[in-house]
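Please open the model in a viewer and keep the selection panel at hand. The tour below proceeds from one selection to the next and describes what is found at each stop.

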Amino acid sequence: MKQFFKMAFASALGFFITAIVIISLFIFVFAVAISQMESTTFKTKPNSVLHLKLEGEIVERSKENPFQQIFSDYKVGRLGLDDILSAIDKAEKDDNIRGIYLDFKIPIAGMATVEEIRNRLKEFKKSGKFVVAYADQYAQKDFYLATVADTILLNPVGMIDFRGIGGQPVFFKKALDKLGIEMQIFKVGTYKSAVEPFIQEKMSDANKAQVTEYISEIWNHLLKEISVSRKIPVEKLNAYANEGMLMQPAEKDIKYRLADKLIYRTDVWTYLKKLAHSDAKEEKGLVEISDMVKAESQESQYEDKVAIVYAAGGIDDGDSEGINSEKLSRDLMDVKGDSSVKAVVFRVNSPGGSAYGSEQIWHVIKEIQKVKPVVVSMGDYAASGGYYISCPASAIVAQPTTLTGSIGIFGMFPNVEKLTEKLGLTFDEVSTNRFATTPSINRPMRADEKALFQGYINEGYKLFVGRCAAGRKVKTEKIEAVAQGHVWTGEKAIQIGLVDKLGGIQTALELAAQKAKLKNYNVESFPKKKSFMEEIFSDMQDDASDVLAKFYFGENLKYYKVLQNLQKQQPMQARLPFYLDIE
């Protein structure tokens with residue numbers, strides 16, 4: 001019997017090893033094949049239409065991940081804003097492309113990201129080529145983007161979500177009370193509201209006032225732009241929003257000129273092919289984003305470069321998608337040392353995070369400024385720590401709908417004494433000095449401990465304000481007047497001196513080239529994108545955890561991530577409130 005088990009174990013082990021080798025070989029061969037496919041240059045055909053299929057999450061940069069297309073039915077994909085803009089740019093210059101088909105599948109994107117695409121499509125239309133939008137159902141951001149189109153198509157039983165901007169933040173205090181967890185808060189900034197969900201049951205008056213202010217500014221901006229595009233007075237648009245258009249029949253959208261034609265998805269290509277003068281079948285006449293990106297470029301090659309360095313996500317949150325301050329600092333130093341790079345566009349899309357990490361990145365940007373100009377391009381957010389790392393730049397460019405500012409500092413420490421009592425746990429303590437066990441999560445802080453930490457936060461805030469004042473070349477009093485954790489839109493930030501110009505990445509590139517006195521240059525992005533194989537192995541774990549988290553938490557995933565990040569946060573944080581999503 002003993003011999004039998006030995007043989008059985010040996011056979012099982014051999015099978016297991018063989019399976020690993022075969023699977024590894026399969027992955028390797030498949031990767032090589034895909035890599036070869038990816039490197040193939042795409043050639044457009046006459047009378048084609050660029051298919052901007054907006055589905056899944058739109059992030060700052062795309063990743064090489066062929067599995068995403070293969071398994072798209074099982075996982076929400078991601079689109080890179082860089083690829084979308086590149087595809088539009090190439091389509092404008094390609095004589096074979098007659099127009100763009102904006103196909104909405106409820107994409108997930110921030111307001112400034114939508115603004116970036118919309119403005120690029122405005123430029124595209126100057127070429128005389130058409131833009132047509134279609135959706136079975138337009139979410140509010142989708143509709144705003146769609147209004148740039150020459151024609152808005154809607155499913156006969158579809159809907160347009162047009163009802164104004166609002167949000168409903170979640171507060172955890174009662175839940176924490178039931179668990180026996182007290183959050184001990186240290187902060188500077190009347191408007192620094194990121195801590196409110198943990199210590200209050202509703203928004204503070206100051207926070208409610210600032211949120212009301214900035215969502216009103218964003219809404220008014222949207223109304224103004226839609227009014228120009230659709231030739232509908234702002235007063236009427238507000239009246240339509242008050243009718244709750246999401247629940248109105250599609251015929252009313254036509255009546256109110258929010259859409260132009262009711263049509264089923266299966267008939268869209270018949271409509272498009274007439275505009276494109278094409279006789280091709282749908283799959284032959286449409287050019288996908290990924291293909292357009294690989295199309296031949298007519299750009300000349302120049303020795304001088306303007307680098308775009310991307311900083312997206314929370315600062316030192318520990319997530320694979322966030323900003324690792326140490327790695328980003330190394331990448332920035334590489335750009336500083338590259339003699340062919342004459343100017344830098346620092347693309348910041350971050351709600352902030354670790355104050356320590358923000359200081360490290362600030363220092364590197366300051367060092368680059370000594371040898372070449374740095375222009376910041378702000379994305380959806382560049383607030384708190386996101387503004388900290390932006391302030392030393394030569395100039396700051398933001399979209400009107402960018403959320404920025406939030407110059408303030410906070411720290412949070414849990415006290416789980418009541419929870420441990422419920423669990424029957426007790427603690428004792430020995431120490432050689434006064435603060436040897438500080439901070440301790442199993443008891444409330446003493447008065448001297450609280451004073452110590454509040455002093456630490458105060459110094460952090462003083463440093464933050466000083467960095468902003470030095471970067472903006474103004475007195476600290478001027479920054480203090482617009483700080484206190486107050487969140488501002490990009491449009492308002494220009495008026496108070498936190499931002500220099502409204503625009504997107506292209507505006508920032510032109511400004512950086514101007515400051516470097518460049519007429520001809522190439523654009524290069526940093527950090528370098530990972531290879532397909534690197535993406536496979538780095539994404540496997542992230543994708544699995546994301547899928548499981550989305551399955552269990554659904555729309556509440558963002559709140560779960562906030563609690564998850566509490567475990568990783570450093571004591572002092574410069575962070576925008578997590579719930580500032582524009583619905």
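The model shown here is predicted. Begin by selecting β1 (48-59), β3 (97-108), α4 (111-125) and α5 (140-146), each of which supplies at least two residues to the lining of the largest cavity. This cavity holds about 70 Å³ of space, and a search of the whole structure finds 3 cavities of 30 Å³ or more.

**Lining of the largest cavity**

Within that selection, display the side chains of Leu-54, Ile-58, Phe-104, Pro-107, Ala-109, Thr-113, Val-114, Ile-117, Lys-141, Asp-142 and Leu-145, which line the largest cavity. By class, this lining comprises 8 nonpolar, 1 polar and 2 charged residues.

**From the cavity to α3**

Keep α4 selected and add helix α3 (residues 81-93); the axes of α3 and α4 come within 10 Å and cross at roughly 5°. The angle therefore makes α3 roughly parallel to α4. On the α3 side, the contact is made by Leu-81, Ile-84, Leu-85, Ile-88, Asp-89, Ala-91 and Glu-92. On the α4 side, select Thr-113, Glu-116, Ile-117, Arg-120, Leu-121, Glu-123 and Phe-124. The residues of this contact divide into 8 nonpolar, 1 polar and 5 charged. Two of the α4 residues have already been displayed: Thr-113 and Ile-117 take part in the contact with α3 and also line the largest cavity.

**The other partner of α4**

Next, replace α3 with helix α8 (residues 205-230), which packs against α4 at an angle of about 20°, with the axes 13 Å apart. At that angle, α4 is therefore roughly parallel to α8. The crossing of these two helices is left-handed. To view the contact, select Met-111, Glu-115, Arg-118 and Lys-122 in α4, together with Ile-218, His-221, Leu-222, Glu-225, Ile-226 and Ser-229 in α8. The contact of α4 with α8 contains 4 nonpolar, 2 polar and 4 charged residues.

**The pair α14 and α15**

Move on to helix α14 (residues 325-337) and helix α15 (residues 355-369), whose axes come within 9 Å and cross at roughly 5°. How are α14 and α15 oriented relative to each other? An angle under 35 degrees counts as roughly parallel, and α14 and α15 are therefore roughly parallel to each other. In α14, highlight Ser-325, Leu-328, Ser-329, Leu-332, Met-333 and Lys-336. These meet Gly-357, Gln-360, Ile-361, Val-364, Ile-365, Glu-367 and Ile-368 in α15. The contact of α14 with α15 has 7 nonpolar, 4 polar and 2 charged residues.

**Backbone details and the second largest cavity**

Select Thr-438 and Pro-439, which are joined by a cis peptide bond with omega of about -5°. Pro-439 lies in the loop between α17 (417-423) and α18 (447-472).

Then display Val-474, Lys-478, Ile-479, Val-482, Ile-496, Gly-497 and Leu-498, the lining of the second largest cavity. About 40 Å³ of space lies in this cavity, and its lining has 5 nonpolar, 1 polar and 1 charged residues.

Continue to Gln-484, in the loop between α19 (476-482) and β16 (487-489). Although Gln-484 is not a glycine, its phi is positive, at about 60°.

For the final stop, select the loop between β18 (522-526) and α22 (532-553), where Pro-527 is found. Inspect the peptide bond between Phe-526 and Pro-527: it is cis, with omega of about -10°.

Notes. Residues numbered from 1 in each chain as written. Predicted model: local features only at pLDDT ≥ 70, side-chain atom pairs only at ≥ 80, totals over all residues. Heavy atoms only, no water. 1 Å grid on protein atoms, 1.4 Å probe; cavity = no way out; pocket = protein on both sides within 12 Å on 5 of 7 lines; lining within 4 Å. Points joined across faces, edges and corners; volume = space filled by probe spheres on them. Helix = DSSP H or I, 4+ residues; strand = E, 2+ residues; numbered from the N terminus. Nonpolar A, V, L, I, M, F, W, Y, C, P; charged D, E, K, R; others polar. Axes fitted to C-alpha atoms, helices over the stretch in contact; angles between N-to-C directions. Parallel < 35°, antiparallel > 145°, perpendicular 65-115°, else oblique. Left-handed = near helix turned anticlockwise from the far one by under 90°. Contact = heavy atoms within 4.5 Å.
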